[in-house]
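Student: Could we go through this protein together? I would like to learn how the words used for a structure are tied to values.
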Amino acid sequence: MADEGQERASMRTVVAASSAGTAFEWYDFFIFGSLTQVISKTFFAGLNETAGYIAALALFGVGFAFRPLGALVFGKIGDQAGRKGAFLATVLLMGGATFAIAFLPTYEQAGIIAPILLIIMRCLQGFALGGEYGGAAIYVAEHSPANKRGWSTSWVQTSAAFGLFGALLVILATRWALGKYVGPDAFDAWGWRIPFAVSIGLLGVSVWMRLKLTESPTFEAMKAEGQASKAPYAEAFGQWGNLKLVILAFVSMMCAQGAVWYTSFFYVQTFMEKFLKVDPVTINELMMIATAISAIFYVVFGWLSDKVGRKPVMLGGMTLALLFYFPGFHLLEKAANPALAEASAKAPVVVFADPKDCSLQFDPVGKTAFVTSCDIIKSTLANAGVSYTNEAAPAGAVAVMRIGGAEIASRSAEGLGTNDVKAVKTEVETRIKTALTQAGYPAKADPARMNVPMILGVLFVFVIAATALFGPLAACLVELFPTRVRYTALSLPYHIGTGWVGGFVPFFAFAIVAAVGNIYAGLWYPVAFTLLSVLTTAFLLPETKERPLN
């Protein structure tokens, strides 16, 4: 009986230490995603508004792009030297990079050096996080009884919720305190540094907890038998039996995981802030509620997967998201900014232009001039977050914007000097914005008209979809791969899925909207990846519940 109690206490320590460290690393990573608007103004001040926002979203994705590299490096360490040392190193690297961001110079202070330094820190963050998740999930799973593996590893999944909740809480508290005691502009000026700086305290707690852990018993047994892999890369990716599992894990689970989770918790923030014009503080409050609710359901669905299997729970989550993407975001518009929904229905915007006169409204480096009559209209609408449709006009015709019964003719600034180009753009933009205002298009969402219960209802559906998929996912991944190459083989598809598919959801979705002109067009990005996973999971993914890990 005493041994049983000691075993339960030991398991609680394993879960708590692994989850706490992972939550801290997610906190570090999520601060950046939640401060995209401020980051774009601070480090990309040399670009126009839309280009700066796209650049900041791209930089958010850059951290994710480096995660597969971290997965390979730390995966090899974990498979050869042990699980504990690998994910202790990751938390130190992640914490140091995050703390350093608090002290970086701005674009105004250091010019191009500022975004370069920020990019380096983001790469280090992504590199570290690439080794974190796999280590924590494997460590917990290899300590857990087979019939409770879904429940145990789901606590590692909740770390994402705790990390995001912590990031939003610190940001919200900092905004409130500075707004009340210093001034409304203090947060954007320098207060954004505080959430990064306080991470040093969380780093200390995480390192202390992880130092108390011992090595995974499954790994120790394998090492004692002399079975540890001497060439994890060759075994994981050079042997077809293991490589096909890597490919299957990526296509069946991780494409959907990246698309569903990052659409539900990040692109929804971009959508509400940039297109629906909801106040950032309100968005933080709404997301904190949704994130707090999600923490419960990771564990619920992890537990459920121990009863009915991993596959049906995950398939249900990704299918729900697939069916709800478009209806959910349309409901968000009606609930968060009903005036915008009404104006879009009563006075839709149509751009009549010669197709040859129109450039693709996607310029992440801010070098395209956008000086044709068509480009000036479309760039103004893109900056305003207003949907429009395109109609072809005769060759050489000056572009015209029709809104309701009014028509606003644009002007071309081709061949003009810098000051004249600016004057033409300002004049056309002023007339367009005036027409939008007269047609009922709001500059900002009206808090008095917001249907908060409906917004939370939409977010709740996305929470259920994301947690049903993510809750059992760690257990399924661990059970899918053999012990000898588990860290390496598991980490790579996970971080390509969450890193390359998920991390770039806000970037590509926003870019698609800017290019096409419809605020819902960006949803086709997560739809494509989620559909791929639904089909693959349904027909190819085996059930892994209670598989032996040895």
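Tutor: Happy to! Buried residues make up 57% of the 550 residues in the protein. The model is a predicted one, where local features need pLDDT of at least 70 and side-chain atom pairs count only at pLDDT 80 or more, while totals for chains, interfaces and linings use all residues. Residues are numbered from 1 along each chain as its sequence is written, and side-chain values use heavy atoms, leaving out hydrogens and water.

Student: Why is tryptophan 208 called exposed?

Tutor: Buried means under 20% relative accessible area, exposed means over 50%, and partly exposed is in between, with a 1.4 Å probe and protein chains only. Tryptophan 208 has a relative accessible area of 53%, so it is exposed. This tryptophan 208 lies in helix H11 (residues 199-211). Its C-alpha is 9.9 Å from that of leucine 88, although the two are 120 residues apart in sequence.

Student: How many helices and strands are there in the protein?

Tutor: The protein has 24 helices and four strands. Both are DSSP runs numbered from the N terminus: helices (H or I) have at least four residues and strands (E) at least two.

Student: What makes strands E3 and E4 a pair?

Tutor: Two strands pair if DSSP finds at least two bridges between them. Four bridges join strand E3 (residues 400-403) to E4, so they pair, and they run antiparallel. Valine 400 has alanine 409 in E4 as its bridge partner, and arginine 402 has glutamate 407 in E4. The hairpin of E3 and E4 has two residues between the strands, and glycine 404 takes a positive phi near 65 degrees there.

Student: How do you know that E1 pairs with E3?

Tutor: Use that cut-off again: four bridges join strand E1 (residues 349-353) to E3, so these antiparallel strands pair as well. In E3, methionine 401 is the bridge partner of valine 351.

Student: Why are E2 and E4 called edge strands?

Tutor: The four strands form an open sheet with mixed pairing, in the order E2-E1-E3-E4. Strand E2 (389-392) and strand E4 (406-409) each pair on one side only, and they are the edge strands. From one strand to the next, the twist averages 25 degrees.

Student: What makes the second largest cavity a cavity?

Tutor: On a 1 Å grid over the protein atoms alone, a cavity is a set of points where a 1.4 Å probe fits but cannot get out. A search of the whole structure finds two cavities of 30 Å³ or more. The second largest has a volume of about 80 Å³, where a volume is the space filled by probe spheres set on the points, and grid points are joined across faces, edges and corners.

Student: Which residues line the second largest cavity?

Tutor: Lining residues have an atom within 4 Å of a point. Among them are Phe275, Leu381, Tyr388, Phe510 and Gly517. Helix H18 (373-384) and helix H23 (505-516) are the elements that give two or more residues to this lining, and H23 gives the most, with three.

Student: How do the residues of that lining divide into nonpolar, polar and charged?

Tutor: Ala, Val, Leu, Ile, Met, Phe, Trp, Tyr, Cys and Pro count as nonpolar, Asp, Glu, Lys and Arg as charged, and the others, Gly among them, as polar. The lining of the second largest cavity has nine nonpolar residues, two polar and no charged.

Methods
Axes fitted to C-alpha atoms, helices over the stretch in contact; angles between N-to-C directions. 1 Å grid on protein atoms, 1.4 Å probe; cavity = no way out; pocket = protein on both sides within 12 Å on 5 of 7 lines; lining within 4 Å.
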